[in-house]
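Reader: Please take a close look at one part of this model, the salt bridge, and then set it in its surroundings. Short sentences will do.

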Amino acid sequence: MTTTPAPPVRIGRAAVGALGMLAVATGALESVVTPTLPLLQRELDMSPAEGALLSIMLLVTGALITPIAGKLGDRYGGKQVLTRLMAVVSAGGLVSALAANLPVLLLGQVLQGAMVGALPLSFILVRAHLPAGEAKVAIGVVSGLFVGGGMAGTLAAGPVAEGLSRHWMFALPTIAVIAATLLVNKLMPHDPPGRSDGAGVDWPGLLLFSGTLVTLMLALALAPDIGSRPLVLGTVVVVLAAFVIAWVAVERRAASPMVDLRMLARPAVWKSCVLTFVICVGTSVAVYLVPQLFAVSDDAYGFGASATAIGFFLLPGAVAASLAGPVSGLGVRRFGTRAVVTTGIVMMVTALLALAAVHTQIWHLVVGKALIALANGLCVTAMVTSTATSVERGDTGIATSLVLVTRVLGYAVGVQASGAILTAGTPSGSDVPAESSFVTGFVIAGVVTALSLLVVRTMSKGAKA
């Protein structure tokens, strides 16, 4: 007589709430750098390019960790991998809290980047323990709470950094991550392991992908000096192309690739990835440039805002982003993914071009940033939700990881490019970029985002991407 495995235990609101609390805590820890970046640049004597590097280190690590976390979660169970991943995140938060200089802070951000893998692992748990309809809603709620945590971090980081110290703005959300992880471990039942292909971690693919990301960031950092060092930049571009070709070749032959290129070839997945990347490039330009513009001295063309004031000015955008998750989920169910994404892209392009044309008052930046945050939340949540529900249950982790990796890459490219634009636009002997460099950044972001409509036209009108 054969025995069949017991069905997974259905979870209640308390367990979903625990995942939501973890999403809030990790979102807060991820977001504290953005409103305080001008303050960190002053205290640690960083250039705009170094500031951009700091703001993307967490994202780069996330791009490396997320597909592995999703694959391991599909194989061994989401809960087991999630709790171990959060131990790494907690260690990174403590390192960042204790950092006395830029290299140590960069190390802390590298470790914190493991938090990006928490979302696909949460989706694995939700799909393992809830029916399909309820899983869609829960995925939207958890995604929205992650953004809501970003709102809390954005608002609190400045006052904490100025009232206590920059060390505490990392320490407090790290404590919240530890507490939420313990709660998830207690309330969330173990999900059954998925199918195993018997292969281990794709270390060659991971190393080549790491080299690709590092070389890409180096190429963007060197871009402002293309006139004085064209040979160096050209060499970096050649090395980048070599890394990409080698990585693709290794992934195609690997028994258990870091990124399943066959899954990436599915229309529902690759379209979501392309759209997410382009949309996040546009979004990240505003994420980086708006706080920098707030911080520019009011003797020039800026507003001379403190870290606390910047956090307050960014709050409406964080609120809009937190509302975008549930709204996007409802919109996808009623109107389909294409309608939601088209609306978000048009809104974002309009806001970016408006910021390029008009940015002389604080409310111009506040409203523009809020519209961009809302549009980004609508689009990315629609992409993640549709991808998560368009693949087999056992592929949820890796499929959503692909979308989240492209989200991270889009942010990293956009932020690094923005830092390069400001560095190139800063006159020699000055630490204030030319106002035209901000205009250039917003215009480029608007044009790049508008190009994503070419992909949207090829999507079906239904709920699936």
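Author: What follows starts with the salt bridge and then moves outward.

This is a predicted model, where local features need pLDDT of at least 70, side-chain atom pairs count only at pLDDT 80 or more, and totals for chains, interfaces and linings use all residues. Residues are numbered from 1 along each chain as its sequence is written, and side-chain values use heavy atoms, with hydrogens and water left out.

Searching the whole structure gives 1 salt bridge. The term stands for a side-chain nitrogen of Lys or Arg within 4 Å of a carboxyl oxygen of Asp or Glu. The partners are E43 and R166, and their closest N and O atoms are 2.9 Å apart. E43 sits in helix α2 (residues 33–43) and R166 in helix α8, so the pair ties together parts that are 123 residues apart in sequence. Helices here are DSSP runs of H or I with at least four residues, strands are runs of E with at least two, and both are numbered from the N terminus.

The two partners can be told apart by exposure. E43 is partly exposed, at 47% relative accessibility. R166 is buried, at 10%. Buried means under 20% relative accessible area, exposed means over 50%, and partly exposed lies in between (1.4 Å probe, protein chains only).

Stay with helix α8. T174 belongs to this helix, which covers residues 166–187. T174 is buried, with a relative accessible area of 0%. Beyond its neighbours within four places in sequence, T174 contacts L29, S90, G93 and L94. A contact is a pair of heavy atoms within 4.5 Å.

Next, helix α4, which spans residues 78–98 and includes L98. L98 is exposed, with a relative accessible area of 70%. Its C-alpha atom is 9.0 Å from that of G108, 10 residues apart along the chain.

Now the interior. The largest nonpolar core has 107 residues, and L54, L82, F294 and V341 have the most contacts inside it. Such a core is a set of buried Ala, Val, Leu, Ile, Met, Phe, Trp, Tyr and Cys residues joined through side-chain atoms within 4.5 Å. Helix α12 (residues 267–295) supplies the largest share of this core, 13 residues. Leaving out neighbours within four places in sequence, L82 touches L19, L22, A118, L121, L125 and V184. Another core of 10 residues lies apart from the largest one, and I68, L208, F209 and L213 are among its members.

Cysteines come next. The structure has 0 disulfides, a disulfide being a pair of cysteine sulfur atoms within 2.5 Å. C280 is in none, and the nearest cysteine sulfur, that of C379, is 8.9 Å away. C280 is buried at 0% relative accessibility. C273 is buried as well, at 5%.

On the surface, L353, V443, V447, L451 and L454 make a nonpolar patch of about 440 Å². Patches take residues with over 30% relative accessible area and no salt bridge; like charges are joined within 9 Å, and nonpolar side chains (Val, Leu, Ile, Met, Phe, Trp, Tyr) within 5 Å. Areas come from the Shrake-Rupley method with a 1.4 Å probe, and for residues only the protein chains shown count as cover. Helix α17 (residues 435–451) gives the most to the patch, 3 residues. L454 lies in helix α18 (residues 453–456) and is exposed, at 56%.

Last, the whole chain. It has 18 helices and 0 strands. Of its 465 residues, 57% are buried.
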